[in-house]
Amino acid sequence: MNQNLLRPVLTAYGRALMSQLTGKMLLLSVIPFLLSLLLWGALLWTGLQPMLDTMHALFADYGLFSTSGSVLSTFGLGFLKTVIVPLVALLTLLPLMVVSSLLFMGVVAMPAIVRHVSQRQFAQLEKKQGGSFIGSLMVNLSGFLVFVPLWLFSLPLYAIAPIAIIAQAALWGWLTQRVMSYDALSEHASEEERTTIIKAHKRQLMLIGIFSGAAGALPGIVWIGGTIVAVFLFPFLAALSIWLYVVIFIFTGLWFQYYCMQALADLRGARARSEVVQTVS
């Protein structure tokens with residue numbers, strides 16, 4: 001990717017970083033975080049121990065303790081045998097926590113992000129309303145239907161953290177560029193403009209998604225790694241991870257919003273100049 005293609009990505013990153021550090025954006029993370037915390041606090045309070053008991057019984061009934069112990073020993077991770085049940089529980093719950101945090105962020109924060117960016121940098125850009133809430137919902141649901149099975153399929157890669165980060169970054173890269181590109185353009189771009197921009201800027205959007213995905217993989221790895229060391233830290237690390245996910249999602253939303261809005265402004269500018277040239281000629 002040459003420098004001319006990379007410069008708009010870095011410009012949007014700088015704008016997103018400056019916006020992320022404003023009080024308005026920091027406060028914006030509070031509501032999705034509290035909603036996620038209330039949801040998962042209630043679910044974990046009532047359901048975590050029964051879930052662990054059920055999984056422990058399954059491991060005992062089907063001889064999975066010895067099987068998992070042999071697999072872990074092969075990778076030099078035999079010390080994890082003592083926490084294999086809570087570890088599997090964490091890996092099962094993690095994608096659900098991530099999806100719920102992203103859903104709350106999209107409902108609560110994304111409209112505020114669109115308003116913030118458009119008023120701050122693109123106040124003169126016409127709104128053509130090429131997207132809709134139903135369209136966004138369909139894009140989200142179809143993305144999650146692909147993402148969650150692939151996430152579950154990749155869980156064994158957590159035995160090797162660097163490979164897990166790469167796999168999760170790729171998954172998040174695909175999901176975030178799919179979901180957030182639509183949301184970033186739905187209010188201002190027409191359907192034709194949105195399709196044109198996503199097709200023309202596919203590599204840059206995927207690059208933003210992959211970098212955001214790498215950041216999005218880190219809270220989960222920190223959470224799981226910390227819980228392996230001390231299982232009783234699970235609720236605290238879960239809360240910290242949820243907050244980190246919300247903050248990362250908001251920054252990612254800002255990054256996509258700035259990039260897509262600039263791409264839309266450039267597209268309309270190029271078309272306007274082309275029309276002037278055709279009129280003159």
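Start at Arg-271, which is partly exposed at a relative accessible area of 32%. The model you have open is predicted.

**Stop 1: Arg-271 and its partner**

Keep Arg-271 selected and add Glu-192. The two form a salt bridge, with their closest N and O atoms 2.8 Å apart. Show the helices around them. Arg-271 belongs to helix H11 (residues 234–280) and Glu-192 to helix H9, so the pair, 79 residues apart, links distant parts of the chain. Glu-192 is partly exposed too, with 42% relative accessibility.

**Stop 2: one residue along, Glu-193**

Select Glu-193. Is Glu-193 buried or exposed? Glu-193 is buried, because its relative accessible area of 3% falls under the 20% cut-off.

Now add Arg-268. The side chains of Glu-193 and Arg-268 meet in a salt bridge, 3.0 Å from N to O. Here again distant parts of the chain are linked: Glu-193 lies in helix H9, Arg-268 in helix H11, and 75 residues separate them. Arg-268 is buried, as is Glu-193.

Next, add Lys-128. Its side chain forms a salt bridge with that of Glu-193, at 3.5 Å from N to O. This pair also links distant parts of the chain, 65 residues apart. Glu-193 is in helix H9 (residues 191–200), while Lys-128 sits in the loop between helix H6 (110–121) and helix H7 (133–153). Lys-128 is partly exposed, with a relative accessible area of 37%.

Keep Lys-128, Glu-193 and Arg-268 on screen together. Salt bridges with shared partners join these three into one network. How many salt bridges does the structure hold? The count is 4.

**Stop 3: zoom out to the fold**

Switch to cartoon and colour from the N terminus. The protein has 11 helices and 0 strands. Every element in the run from the N terminus is α. Now colour by accessibility. Of the 281 residues, 46% count as buried.

**Stop 4: the nonpolar core**

Select Leu-102, Met-105, Ile-113, Trp-172, Ile-250 and Leu-254. These residues have the most contacts inside the largest nonpolar core, which numbers 48 residues. Several helices build this core. H1 (3–20), H2 (23–28), H5 (84–108), H6, H7, H8 (161–185), H10 (202–229) and H11 each supply at least two residues. Which helix gives the largest share? H11 does, with 15 residues.

**Stop 5: helix H6**

Isolate H6. Its buried residues are Met-110, Ala-112, Ile-113, Val-114, His-116, Val-117 and Ser-118. Then check the length. At 1.5 Å a residue, the 12 residues of H6 should span 16 Å, and the end C-alpha atoms are indeed 16 Å apart.

**Stop 6: helix H3**

Go to H3, residues 30–61. Draw a distance between its end C-alpha atoms. They are 43 Å apart, which agrees with the 46 Å that 32 residues should span at 1.5 Å each.

Where does H3 bend? Select Gly-47: the helix bends there by about 50°. Then select Pro-50, a proline that follows Gly-47 within four residues.

Show the side chains next. Buried in H3 are Pro-32, Phe-33, Ser-36, Trp-40, Leu-44, Leu-48, Leu-52, Met-55 and Phe-59. Step off the end of the helix to Gly-63. Just after H3, this glycine takes a positive phi of about 65°.

**Stop 7: the nonpolar patch**

Turn on the surface. Select Leu-27, Val-30, Ile-31, Leu-34, Leu-35 and Leu-37. Together they form a nonpolar surface patch with about 500 Å² of accessible area. H3 gives the most to the patch, with 5 residues. Pick Ile-31, a residue of H3. Ile-31 is partly exposed, because its relative accessible area of 47% lies between the cut-offs of 20% and 50%.

**Stop 8: Gly-14 and Tyr-258**

Finish with a long-range pair. Select Gly-14 in helix H1. Gly-14 counts as partly exposed, at 31% relative accessibility. Now add Tyr-258 and draw the C-alpha to C-alpha distance. The two residues are 244 apart in sequence and 9.6 Å apart in space.

How values were computed: Residues numbered from 1 in each chain as written. Predicted model: local features only at pLDDT ≥ 70, side-chain atom pairs only at ≥ 80, totals over all residues. Heavy atoms only, no water. Patch = residues over 30% accessible without salt bridge, like charges linked within 9 Å, V, L, I, M, F, W, Y side chains within 5 Å. Areas by Shrake-Rupley, 256 points an atom, 1.4 Å probe, with all protein chains shown as cover. Buried < 20%, exposed > 50% of the residue type's maximum accessible area, 1.4 Å probe, protein only. Expected span 1.5 Å × (residues − 1). Bend = angle between axes of the 7 residues up to and from the residue. Core = buried A, V, L, I, M, F, W, Y, C linked by side-chain atoms within 4.5 Å.
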